[in-house]
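Student: I have not looked at this structure before. Could you take me closely through one part of it, the largest pocket, and then set that part against the rest of the chain?

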Amino acid sequence: MDGVFGALLRLSRARSRSISAENVYGEPGRGGMAVPGDEPQPEVVRLGQVWDPTLDSYRKLGPGWKARPCIILPPRSVTTLAEIDGPGCITHFWITTPEPFLRKLILRMYWDGEEAPSVEVPLGDFFCNALGDRQGKFWTQINAIPINVNHYNGMNCFFPMPFRKHARITVENLDPETPDRYFFYTFNYELRDELPPDTACFHASFRRVLELPVAQDFAIADGITGQGNFAGCYLVCRESGEGGWCEGEVKMYLDGDGAYPTICGTGTEDYFGGAWCFAGGEYTYSAPCLGYPFGDRSGAGARHAMYRFHLFDPIHFQQRFRMTIQNLSGRYPGRTEPLPGEYSAVAYWYQREPHAATPHGDWNSLPIF
């Protein structure tokens, strides 16, 4: 009977809270109390956010009237979005920004006082939006259950994110010159008396290779150790071949696997829920657990973006997990062969802490597709 409505059917002692620019610590009974003016609020100073009075477009209306709906992200800066004492669980968060360079913003999440983040991913990639769309928008509609992006670049995440002692969430603006002056955000969460002892923490990593050597597999996820559940991935590729297509098999290496994996797919489009090379990229789709939201096969340098979430079929691992995709491409019709290509991927998973480091390379060299 519970199903997806279980949290609504059962009474709970959890306390619901929400963090935004209007209530930066999510304090009860203090939402919408931002005071317009030139002097920053004490809680904004304590959190370390920049105060910008030019954002007070409603300052004549007074307190309670959208006095601070958004924040500014200065160039070359790290801004704290949330500091929460637990136990608790983030149940949903929403972000939007008019800046088209979503790969210039790096989202990080830290659980329970850890020094290395459990989540470290470019904002656009985290929300399955690295490429925009073929009509010139810098965002793409995503209709998945855990990730939902709507007109006009309203980015939503429904992955539950539990923490026992503390949660800290930051965003870094890598742009050396341009501030993001209209960064809007909301984090909805629950405070709880305790979490079950087997509760796993949410993680997400980002990997990219600007030119993958011929006949070398691309690692979507690697270096994951401990016990956990793989929750899915978002993959972007640019092929060097004329009319190229990422045709390789997806492989998952579990625990004691050696040269050969436990899980091996039949082809890229098959794993992401499509077939027959997505009809050359002409048709795109976005479904609750899988999608091909972007395809451009107009010539050399063809680009593709796809996602797959294991919400109803999680991949369980006890000691370690690794996921790769073969680097195959069709240079000519009817011919498939290894070719160099450009790949990037986000991996989403849950595991017990502590987690192993997941190197991503130099953020400043990150290309904007």
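Tutor: What follows describes the largest pocket, then the other spaces and the chain around them.

The model is predicted, not determined by experiment. Its largest pocket has a volume of about 930 Å³. Which residues should you look for there? The lining is made up of 25 residues, and those nearest the centre of the pocket are Gly-6, Ala-7, Thr-91, Glu-190 and Arg-192. To place the lining on the fold, take the elements that give two or more residues to it: helix H1 (6-9), strand S1 (15-20), strand S4 (88-96) and strand S12 (180-191). Of these, S1 gives the most, with three residues. What is the lining made of, by class? It has 12 nonpolar residues, eight charged ones and five polar ones.

The second largest pocket holds about 360 Å³ of space. Its lining consists of 13 residues, and nearest its centre lie Pro-160, Ala-231, His-310, Leu-311 and Tyr-350. Strand S15 (residues 228-239) supplies the largest share of that lining, three residues. By class, the lining of this second pocket has 11 nonpolar and two polar residues, and no charged ones. The lining of the largest pocket, to repeat, includes eight charged residues.

Both pockets are open; there are also closed spaces to consider. The model has four cavities of 30 Å³ or more. The largest cavity has a volume of about 70 Å³. Glu-99, Phe-101, Lys-104, Leu-105, Asn-173, Asp-175, Thr-178, Pro-179 and Asp-180 form its lining. Sorted by class, the residues lining this cavity are four charged, three nonpolar and two polar.

Now for the chain as a whole. It contains four helices and 25 strands. Of its 369 residues, 53% are buried. How are the contacts spread along the sequence? Among contacts between residues at least 6 apart in sequence, 73% join residues at least 24 apart. As for the surface, the chain exposes about 16600 Å², and carbon and sulfur atoms supply 54% of this area.

To return to the part you asked about: when you view the largest pocket, begin with the residues nearest its centre, among them Glu-190 and Arg-192. Then trace the lining outward by element, including helix H1 (6-9) and strand S4 (88-96).

Conventions:
Residues numbered from 1 in each chain as written. Predicted model: local features only at pLDDT ≥ 70, side-chain atom pairs only at ≥ 80, totals over all residues. Heavy atoms only, no water. 1 Å grid on protein atoms, 1.4 Å probe; cavity = no way out; pocket = protein on both sides within 12 Å on 5 of 7 lines; lining within 4 Å. Points joined across faces, edges and corners; volume = space filled by probe spheres on them. Nonpolar A, V, L, I, M, F, W, Y, C, P; charged D, E, K, R; others polar. Buried < 20%, exposed > 50% of the residue type's maximum accessible area, 1.4 Å probe, protein only. Contact = heavy atoms within 4.5 Å. Areas by Shrake-Rupley, 256 points an atom, 1.4 Å probe, with all protein chains shown as cover.
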